Amino acid sequence: MTAPSVIPFTNGIARVLTRADLGQHEPWTRAFAGKTKDHRFYELVADTLGSNFKHHYLLLEDRAGKVRGIQPVFFVRQNLVEGIPALRNAVEKIRKRFPRFLTMRILMVGNAAGEGHLSTCAPGDEAWVAQGLHEALTPFARQSKASLIVFKDFPATYRDPLAGLAEHDFTRVPSMPMTELRLDYRDFDQYVTTLGASTRKDLRRKFRKLATAEPISVEVVNDLTPYVDEVYPFYLQVHERSPMKFERLTKEYLSELGRRMPDRARFFIWRQNGKAIAFSVALVHDDTIYDDYLGLDYRVALDLHLYFQTFRDILTWSIAQGLKRYRSSPLNYEPKLHLGCALYPLDLYVRHTNAILNKIFRPILKFLEPTRHDPVLHRFRNARELHDNRK
């Protein structure tokens, strides 16, 4: 069944756009004003990571014909047990004969390569856009043969404007959170003094060992194109080791990120004896550095404690730039816990497109939600913020 091109809702209509349509709508350039990942980033994701996702955009007009938001959405077939390690091996065996076992076609709202945000063309329109999406998404998903609708990885600051979803037919569950560190320090050495005694001792031991190795240098650039062939295999090594996977970056994505967003993209490249051994992909905006992806050469990474080397260099650079916050992408929580990071909660809002099945599915979600199965998360000082209603 063909999805509708126009979907009416109480306060207006939603027009379904393709990536090619966006250039015809000037409000698109204002849709994520003030956000780190603005409209340029969504275009980049659609242009370079499109093989696994089918992207659309819902242009929301009010009754006067004014565009209030242009919300990116995408379809993906998702593994429902991705966040449950105990089931993963058994399910993979079954999928050798039944490849789609415990997978669903899902309509996701937000960003395929990062946290989600509501698209508003004017401040204060979040609640209006949320209500419009609430009404428009279900018929769009049903006619597109999607079984689930998911608002993906929305920061806790959206809990008020998205409260109407959770009060009705959506269920809010925590997603794997980012982590955050305030940079209220003179330098890295002062930061280390605020850590626990065992962590300080462990870091000193690691850095002493690093001091005896061949020197490691770091370079910061805003265009990775000249180096992408050299460092991309390091990203793949880290990606393949991850217990949970969603997007898989391409060389084109890494090159285009710096070209399209040179004001925000920063790439850190570490070398030993002139040879690259690690790199990091970061965005800088509004006094915050977002450390999104790390690539490591595992032939040397563990022996050289490269994770901690990269962390030290990024924090040192950020403090020198006068940045106030360091945020890192989800997963790898054990070292982040000991390094004094706090959780930066992200939420999923989920509903089944079949009203009857949705009533059955809602309690099951509490078991499927990914944070339930990570014991380290619950040791963070602000772990309860994953579930409570505080912003």
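Is C121 buried or exposed? In this predicted model, C121 has a relative accessible area of 12% and is therefore buried, since the limit for that class is under 20%. C341 is likewise assigned to the buried class, at a relative accessibility of 2%. The number of disulfides in the model is 0.

The interior was examined in terms of nonpolar cores. The largest of these cores has 45 residues, and the members that touch the most others are F41, L224, Y253, L254, L257, I269 and F279. The greatest contribution to this core comes from helix α7 (residues 228-241), which supplies 5 residues. A further core lies apart from it and is made of 32 residues, including Y191, I277, V284 and L339. For Y253, the contacts beyond four places in sequence are with F41, L44, V45, T48, L49 and Y293.

Helix α1 spans residues 39-48 and contains E43. The relative accessible area of E43 is 17%, so this residue counts as buried. When neighbours within four places in sequence are set aside, E43 contacts R19, W28 and R260.

At the surface, I356, L357, I360 and I364 form a nonpolar patch of about 380 Å². One of these residues, L357, belongs to helix α11, which covers residues 355-368. L357 is classed as partly exposed because its relative accessibility is 40%, a value that falls between the limits of 20% for buried and 50% for exposed.

Conventions:
Residues numbered from 1 in each chain as written. Predicted model: local features only at pLDDT ≥ 70, side-chain atom pairs only at ≥ 80, totals over all residues. Heavy atoms only, no water. Patch = residues over 30% accessible without salt bridge, like charges linked within 9 Å, V, L, I, M, F, W, Y side chains within 5 Å. Areas by Shrake-Rupley, 256 points an atom, 1.4 Å probe, with all protein chains shown as cover. Salt bridge = Lys/Arg side-chain N within 4 Å of Asp/Glu carboxyl O. Helix = DSSP H or I, 4+ residues; strand = E, 2+ residues; numbered from the N terminus. Buried < 20%, exposed > 50% of the residue type's maximum accessible area, 1.4 Å probe, protein only. Contact = heavy atoms within 4.5 Å. Disulfide = S-S within 2.5 Å. Core = buried A, V, L, I, M, F, W, Y, C linked by side-chain atoms within 4.5 Å.
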